[in-house]
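I opened this notebook to keep track of what I looked up, entry by entry. Please read it with the structure in view.

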Amino acid sequence: MNDTRNHKSRPKRSFRDIRHILVVLLLTISGALLAQSYSGAIRGTITDSSNAAIAGAQITLTDEATRQTRNTQSDSIGGYAFNALTPTTYTLRVSAKSFSDAERSHIILSTQDFLTLDIQLAIGSTSNVVQVSADAPLVDPSTASISTNFDQQQLEDVPVLGRNPYITAKLSGVFVNTGNPQFIRFADQNGTSTTSVAGGPVAANLYLVDGVPITDTNNRPIVIPTIESIQDVKVQANTYDAQVGRTGGGVFNTLLRSGSNAVHGSIFGETRQGSWLANDFFANREGVPRPDSPYYNWGASLGGPVVIPHVYDGRNKTFFWIGAEGYIQTSPYTESFAVPTALERTGDFSKSFNADGSLNVIYDPTKTFTDATGVHRTPFQGNKLSSDRVSTVGKNIASYYPLPQLNTPTGQYNFTGTDNVRDHAQEVTIKLDQQIRPWWNISGSYIFYEALQPLGNPLGTLPGSYSYTYHRQVDAVQVNSTWILNPTTVVTARYGNNRFPNLIAEVSQGFDPGTLGFPTSYTSQIQAKFFPTIFPRNFSQLGQNTDSLDNWKSQIVNGTVAKTLKRHNLTFGGEYRRIRMDFEDFSNAPGTYTFSGAFTQSSPNATDDGSGSDLADLLLGYPISGEVDITTFLKTYLDYTAFFAQDDWRVTPRLTLNLGLRYEAETGLKEDHNQLAVGFDRTATAQLAGGPSVTGGVLFAGVNGNKRDIGDLSLAKFAPRIGASYQLKPKTVLRGGYGILYAPLRYDPIGTLAPGYTAANSYVASFDNNQTSAGSLDNPFPSGLEKPVGNSAGLLTGVGNSVTTYDQNYHAPRVQQFSLGVEQELPGQIALHATYIGSRSINLNPSPTSSTPVNINQLNPSNFSLGTSLGDQIANPDYVVGGPGIIGQPTVARSQTLRPFPQFTSVNLFVSSAHADYNALLIQGEKRAGHGLSFVSSFTWSRNMDSSFATANSISEFRRFRTSECL
């Protein structure tokens with residue numbers, strides 16, 4: 001077949017020269033290329049009334065919006081193909097000698113649609129034009145993949161909370177979002193990404209904008225385009241196309257809207273006023289009035305040809321589209337807290353009662369004694385702390401609690417606060433399209449996004465309780481270029497550059513902990529100043545140890561070559577991606593301390609006897625644990641390379657095979673200066689200073705022959721894909737397929753990834769199993785704070801404390817997908833399909849969001865027979881005078897000495913030990929728009945069995961977050 005353009009305006013030799021140069025450039029670029037694409041194709045066969053092939057028919061495809069055309073001829077078997085098409089609405093016209101012309105208009109081509117349009121010509125004069133059915137077939141026999149497309153009109157019409165286009169994927173029937181349903185607005189990348197598609201791993205999907213990946217190391221879309229700038233979103237699952245990679249199940253393929261020869265625009269605004277809403281249940285219960293909480297959402301768009309009067313007329317070649325959206329949301333956040341009474345703040349617990357009415361007796365940890373029945377303490381006289389025993393720091397911290405509103409048992413909810421949380425976000429999208437030559441088109445888009453999202457402070461005091469603010473900003477650039485090199489060959493190339501700085505700051509940012517009474521030797525060494533985080537057992541938390549500066553970046557180059565050879569539509573391509581995560585974690589910079597009441601209860605081992613108080617421990621300055629971190633700025637990244645080959649082979653007019661093979665190579669996370677741990681050696685030995693030899697230790701990047709990157713992800717992963725689609729009847733299609741996908745790992749910006757480069761200073765609470773306190777909050781680290789020592793300590797890094805890293809044998813998650821189904825076109829332009837969908841996943845992280853490691857420093861079950869003697873204090877075999885953490889304690893619990901690595905309190909590894917099996921029946925009906933009606937409806941009956949950890953249910957945690965609604 002032949003695809004031609006009108007090239008009379010330039011010499012033929014010049015075109016060949018340029019074409020050859022472009023081929024060389026594209027092949028050079030393709031040395032590092034993938035090609036996830038939004039482009040589609042229209043293919044088919046030209047026959048006469050007896051179904052005989054018509055060779056040499058002239059075929060013209062016209063973009064109805066821009067009037068740009070492409071031409072080709074049918075080949076010897078009547079076949080034709082237009083590859084690498086921009087999704088839009090087309091008109092197809094066919095002419096052949098001795099036959100009447102045929103025209104098919106209003107052909108809607110959506111993102112990555114591959115339409116099969118067979119045209120039958122009638123004998124007659126070429127002056128006669130036969131109008132063929134306007135609509136493309138509802139039941140497409142050209143692909144075995146499963147997908148659901150949402151065009152701009154559907155996105156506008158479907159009531160989507162927060163105007164988040166990706167949440168419309170719920171209608172696909174293969175989408176499960178596991179995040180908090182309150183945070184799925186277009187400004188909520190985290191809530192949007194916690195999604196499983198077709199049984200794939202949570203937060204392991206691929207997000208594309210104009211063919212360019214926009215996912216970060218958290219596997220989130222760094223930006224969610226406004227509906228005002230979207231042409232369509234295709235949710236792809238069970239995709240048997242080798243172009244798709246680095247996903248565990250789903251692809252959200254977004255095409256931004258382009259301008260046309262006609263000027264189009266929109267403007268909208270909506271509001272929700274607080275007076276229209278009911279009060280919060282808990283606020284009503286406590287008599288708190290409904291706060292004023294208005295919500296405003298607005299947006300606009302404008303697009304058309306670029307025309308500068310008397311200077312430039314861009315009709316038919318230069319187009320623009322600009323879209324913008326923003327919101328200001330004021331949300332009432334009501335929360336109940338347990339706060340101390342005025343007497344309790346002074347250390348007077350004489351009127352502090354438990355829920356059963358008994359006095360909450362507090363005991364003196366300095367008057368601990370042992371008799372035949374165990375360890376005991378003497379109560380404080382009058383159930384009051386003497387003023388000379390009260391810690392200055394503890395008393396000052398307690399003063400930041402508000403006074404109670406209700407008279408309740410001690411440590412129970414007695415204060416309800418409400419905050420009007422005001423957050424906002426805005427986004428602007430600009431897209432330009434240019435036809436440089438009839439055979440060369442380029443487009444470029446830029447998305448700017450900014451959001452300020454405070455979590456609110458209903459406690460109403462400076463430290464707050466779980467109170468901090470997100471400040472996010474995104475710059476995303478996508479560039480596409482398409483060349484038609486010859487009648488059967490189309491080349492596309494893409495480049496993307498994304499930047500996503502994210503500042504998380506405490507509500508008390510800038511607060512000097514020295515004003516609480518901490519010594520200068522302490523405050524002069526901490527990295528960031530805000531209120532320390534206090535975790536009591538019964539009373540409410542003060543502060544929140546969440547503070548960091550993160551910056552995600554990515555650069556992408558990818559491309560494809562599409563070639564048509566008779567019945568074979570071949571696509572080759574590749575991609576290179578560098579995804580960066582630069583960060584420094586200040587969460588535990590000023591200190592995090594936990595108080596349990598262990599030091600003021602009747603015995604260190606007492607349970608539920610109504611004695612002791614976490615507040616009393618705070619006032620005495622006796623935390624049960626604590627930590628201050630000094631961190632290093634880390635510049636981490638990973639490299640991803642892939643190549644693929646795909647053949648969509650129309651074996652017969654009824655049978656199409658989709659055959660593909662993909663090769664992927666992805667490194668684990670690296671750091672520019674090798675400031676990273678890459679594993680834990682379970683057998684290596686090292687000598688403690690002046691002490692015994694110990695087994696096990698952290699492995700550092702690039703040291704002693706160690707790898708530079710995390711895990712064992714393999715640089716030679718092959719992913720075959722096979723699909724088949726058979727047209728049983730004109731309106732009935734059977735389809736099925738099988739494919740292997742490799743899901744991405746999720747990397748969080750946490751300093752524990754770099755032990756040695758993060759000095760985790762653990763507070764030593766006791767040397768005698770909490771019988772007496774070993775330190776005081778007034779000077780929690782009298783010897784000063786340890787600074788990061790890098791990898792200089794080698795295997796002894798982190799001894800005495802806990803260490804966290806990735807298992808060096810961590811493997812790349814692998815997902816096998818398969819499906820089998822039937823699709824039928826019904827009267828009224830309704831398509832109905834029933835499909836079995838299955839997946840088998842291995843090498844998964846047991847934590848669905850990859851944020852919880854596994855502690856391998858556990859007792860062997862054979863030791864459980866020792867019973868209570870496991871808690872006996874015995875001589876520490878790893879004791880080092882002045883050593884850090886647990887190795888600095890002369891005695892330890894017997895259980896500690898029996899652990900595999902007793903020199904560490906815990907050894908936390910991210911591992912790939914989980915698996916999942918998913919089976920589902922999907923029934924979906926879709927009606928194409930007509931007479932003002934369209935719909936997509938799905939029913940899914942599924943079962944997912946996995947070996948992952950359970951996670952908190954967002955609904956059960958509802959009161960922890962503020963109420964948030966959008967119209």
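**Entry 1: strand β2**

I began with β2, which is mostly covered, since eight of its eight residues are buried; buried means under 20% relative accessible area, exposed over 50% and partly exposed in between, with a 1.4 Å probe and protein chains only. Strands here are DSSP runs of E with at least two residues, helices are runs of H or I with at least four, and both are numbered from the N terminus. Before going on I noted that this is a predicted model, in which local features need pLDDT of at least 70 and side-chain atom pairs count only at pLDDT 80 or more, while totals for chains, interfaces and linings use all residues. I also noted that residues are numbered from 1 along each chain as its sequence is written, and that side-chain values use heavy atoms, with hydrogens and water left out.

In a regular strand the side chains alternate between the two faces of the sheet. I therefore looked at each face of β2 and found both covered, with G40, I42, G44 and I46 buried on one side and A41, R43, T45 and T47 buried on the other.

Which strands pair with β2, and in which sense? I took two strands as paired if DSSP finds at least two bridges between them. β5 runs antiparallel to β2 and is joined to it by five bridges, and the bridge partner of G40 in β5 is L85. With β8 (residues 114–116) the pairing of β2 is parallel, over three bridges, and here R43 stands opposite T116. β9 (residues 119–120) also runs parallel to β2, with two bridges joining them, and T47 has Q120 of β9 as its bridge partner.

**Entry 2: cavities**

I then turned to enclosed space, where a search of the whole structure finds nine cavities of 30 Å³ or more. A cavity is a set of points, on a 1 Å grid over the protein atoms alone, where a 1.4 Å probe fits but cannot get out, and lining residues have an atom within 4 Å of a point. Grid points are joined across faces, edges and corners, and a volume is the space filled by probe spheres set on the points.

The largest cavity holds about 160 Å³ of space. It is lined by 21 residues, of which S39, A84, Q243, A562 and T571 are the closest to its centre. I met β2 (40–47) again here, as it supplies at least two residues of this lining, and so does each of β5 (79–85), β28 (489–506), β30 (548–565) and β31 (568–585).

**Entry 3: nonpolar cores**

Which residues touch the most other members of the largest nonpolar core? A nonpolar core is a set of buried Ala, Val, Leu, Ile, Met, Phe, Trp, Tyr and Cys residues joined through side-chain atoms within 4.5 Å. The largest one has 76 residues, and I found Y166, V223, F252, F680, Y747 and Y806 to be those that touch the most other members. Strand β16 (residues 230–237) gives the most to this core, with four residues.

I followed V223 further, taking contact to mean heavy atoms within 4.5 Å. Not counting residues up to four places away in sequence, V223 touches Y166, Q189, I214, E427, I447, Y449, V474 and A476. A second, separate core has 40 residues, including F518, I534, F595 and A759.

**Entry 4: two open sheets**

Next I traced an open sheet of four strands, in the order β29-β32-β33-β41, with mixed pairing. β29 (533–536) and β41 (759–762) stand at its edges with a single partner strand each, so one side of each is left without a neighbour in the sheet. Inside this sheet, β32 (residues 592–595) and β33 (residues 625–630) run antiparallel and are joined by three bridges, with S625 in β33 as the bridge partner of T594.

Another open sheet has three strands in the order β42-β48-β45, again with mixed pairing. Its edge strands, β42 (802–806) and β45 (854–855), each pair on one side only. β45 pairs with β48 (residues 906–910) in the antiparallel sense over two bridges, and N855 stands opposite N908.

**Entry 5: loops**

Last, I looked up two residues in loops. R67, between β3 (58–63) and β4 (69–73), has a positive phi of about 65° although it is not a glycine. N674 lies in the loop between β36 (670–671) and β37 (677–687), and its phi is near 60°, a positive value in a residue other than glycine.

Terms used:
1 Å grid on protein atoms, 1.4 Å probe; cavity = no way out; pocket = protein on both sides within 12 Å on 5 of 7 lines; lining within 4 Å.
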